Each structure stands twice: as structure tokens, then as C-alpha cells.
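Colleague: I should be grateful for a close look at one helix of this model, together with whatever surrounds it. Please set out how that part is packed.

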Amino acid sequence: MRLLLVEDDRLLADGLTSQLEKAGFSVDTTSSAREASALADHEEYRAVVLYLGLPDGNGLDVLRKWRMRGISFPVLILTARGDWQDKVNGLKAGADDYLAKPFQTEELIARLNAIIRRSEGRVHSLVKAGHFELDENRQSLKLADGTEHSLTGTEFRLLRCLMSRPGHVFSKEQLMEQLYSLNDNPSENVIEAYIRRLRKLVGTDTISTRRGQGYLFNDLV
């Protein structure tokens, strides 16, 4: 899952990025309200972590503009201020959740996963498709026979993307956008390589290729 982190504290942003990547996210970062607004217009994010006190603008104004433009990804607000009025203003502006500094990274990740699940209409951390269950907390895949396989970070992100919308064809470009951040420079054949690895787990017919279009997860096999 691709995530946008908008935070002006470089040390905090670097630490959060490292932990979020371990939790299965691909992270783009910025400390600028202007750049955050532009990135949301041109990139596809599953969620955003947005700090309010940015040096070149108010995070609430950025959020209001996103919502006015119909950009509906889940947003978790961060703020150094902890009074109730900030929470109310953030939620009224369109935030899905709120966390005041200082906080534990584990809580941020848990809240982030929760708002993403709600946006997908799920209530638990399992992504189910066909005979397979993907555990977001353990980053593992349970097969039809009950055996469980641990996944690498990239395997997990790719499989989660495919299983989140069974039957939907994802182009290679769409998958690359969800797997890698703007700072990454993967090879052109990386998607094919990981698809081959995942097919060894779930079967060739489960992850189908649509020539000239992309890949889909077939939950009817």
C-alpha cells in the first residue's frame, strides 16, 4: 500500500518511514503543504498521515482542499496540540482519525490500518479472497489447506493489492505505484519476478495475466 507522510520534523519522518515500511507500506514523504497538495493530485495513495503545523501552510487547509476536490483517501491527522477543539476541527475538515504528539508508532500504525479497513468495508485485519487469507498484522498468507507462509515486504504489498479487489485487472504501472515510493528505482521486470514467486504459493490460475492489460487475482479458482 502506498502512503503519503506529510511531516516537517525530518527526524520523526525518517523514523516513521522506516517503521511504516516494515509494516508493509510504501511511503512518500514531504514537509510542504504545497507539495502535499500537488502529490495528491497526481499520485494514488491508500492513505495519508498529515501533520497540521507545516512551515508553508496549515494542514487543515490542505485537507479541506482535498475533500473539496473529491479526493477521498483516508487521512490520519498528527498535531503537537492536544486540545479537543483541534480534534473537532480536524474531523470537520474531513479527517478520519486523529493522533496527538507524542505518540507510540505502534498506535499510529494500528489506527492507520483501522481507517484503511473501514474505507474498504472491512472490520478485521484479514484480507480474504477465494481460499486464501492474508494477515496484515503478521504479513503472512494462509492457504486452503491451513498452512501459513511468511511473506517479504514486497510480496505482501503486491498480494494485498491484488487480493483487495479480486477480479480487478491491475496494470503493471498501477502495481508499481502501490509497491514503490517516488524515491525508489526498481527494474522494469520486478513485477513479473514477484508475480512468479507468488504463483508458486497460490497457483498459476489464481493470479492471471491479461495480455496487454495487467494482472488479476481470481477468487473463483
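**Surroundings of helix α7**

Modeller: The buried residues of α7 are covered by, among others, β1, β2 (26-30), α6 (153-164), α8 (190-202) and β13 (214-217). Please bear in mind that this is a predicted model.

The helix itself spans residues 172-179, and its buried residues are L175, Q178 and L179. These three lie on the same side of α7, because they cover an arc of only 95° around the axis.

Two packed helices are described by the angle between their axes and the distance between the axes. For α7 and α8, the axes come within 10 Å and cross at roughly 85°. Since angles of 65 to 115 degrees count as roughly perpendicular, α7 is therefore roughly perpendicular to α8. On the α7 side, the contact is formed by K172, L175, M176 and L179, and on the α8 side by V190, I191 and E192. Sorted by class, this contact contains 5 nonpolar residues, 2 charged residues and no polar ones. L175 and L179 thus appear both among the buried residues of α7 and in the contact with α8.

Helix α8 also packs against α6, another of the elements that cover α7. The axes of α6 and α8 are 10 Å apart and the angle between them is about 80°, so α6 and α8 are likewise roughly perpendicular to each other. From α6, the residues T154, E155, L158, L159 and L162 meet Y194, I195, R197 and L198 of α8. The residues of this contact comprise 6 nonpolar, 1 polar and 2 charged.

The strand β1, which also helps to cover α7, leads to the largest nonpolar core. That core has 43 residues, and L20, F25, W66, L108 and L112 touch the most other members. At least two of its residues come from each of β1 (2-6), α1 (10-22), α2 (33-42), β3 (47-51), α3 (59-68), β6 (75-79), β7 (97-100) and α5 (105-119). Apart from this core lies another, of 26 residues, which include F170, Y180, I207 and Y215. Returning to the largest core, one may take L112 as an example: leaving aside neighbours within four places in sequence, L112 is in contact with L3, L20, F25, A47, V49 and L76.

Technical notes: Residues numbered from 1 in each chain as written. Predicted model: local features only at pLDDT ≥ 70, side-chain atom pairs only at ≥ 80, totals over all residues. Heavy atoms only, no water. Core = buried A, V, L, I, M, F, W, Y, C linked by side-chain atoms within 4.5 Å. Buried < 20%, exposed > 50% of the residue type's maximum accessible area, 1.4 Å probe, protein only. Helix = DSSP H or I, 4+ residues; strand = E, 2+ residues; numbered from the N terminus. Contact = heavy atoms within 4.5 Å. Arc of directions from axis to C-beta. Axes fitted to C-alpha atoms, helices over the stretch in contact; angles between N-to-C directions. Parallel < 35°, antiparallel > 145°, perpendicular 65-115°, else oblique. Nonpolar A, V, L, I, M, F, W, Y, C, P; charged D, E, K, R; others polar.
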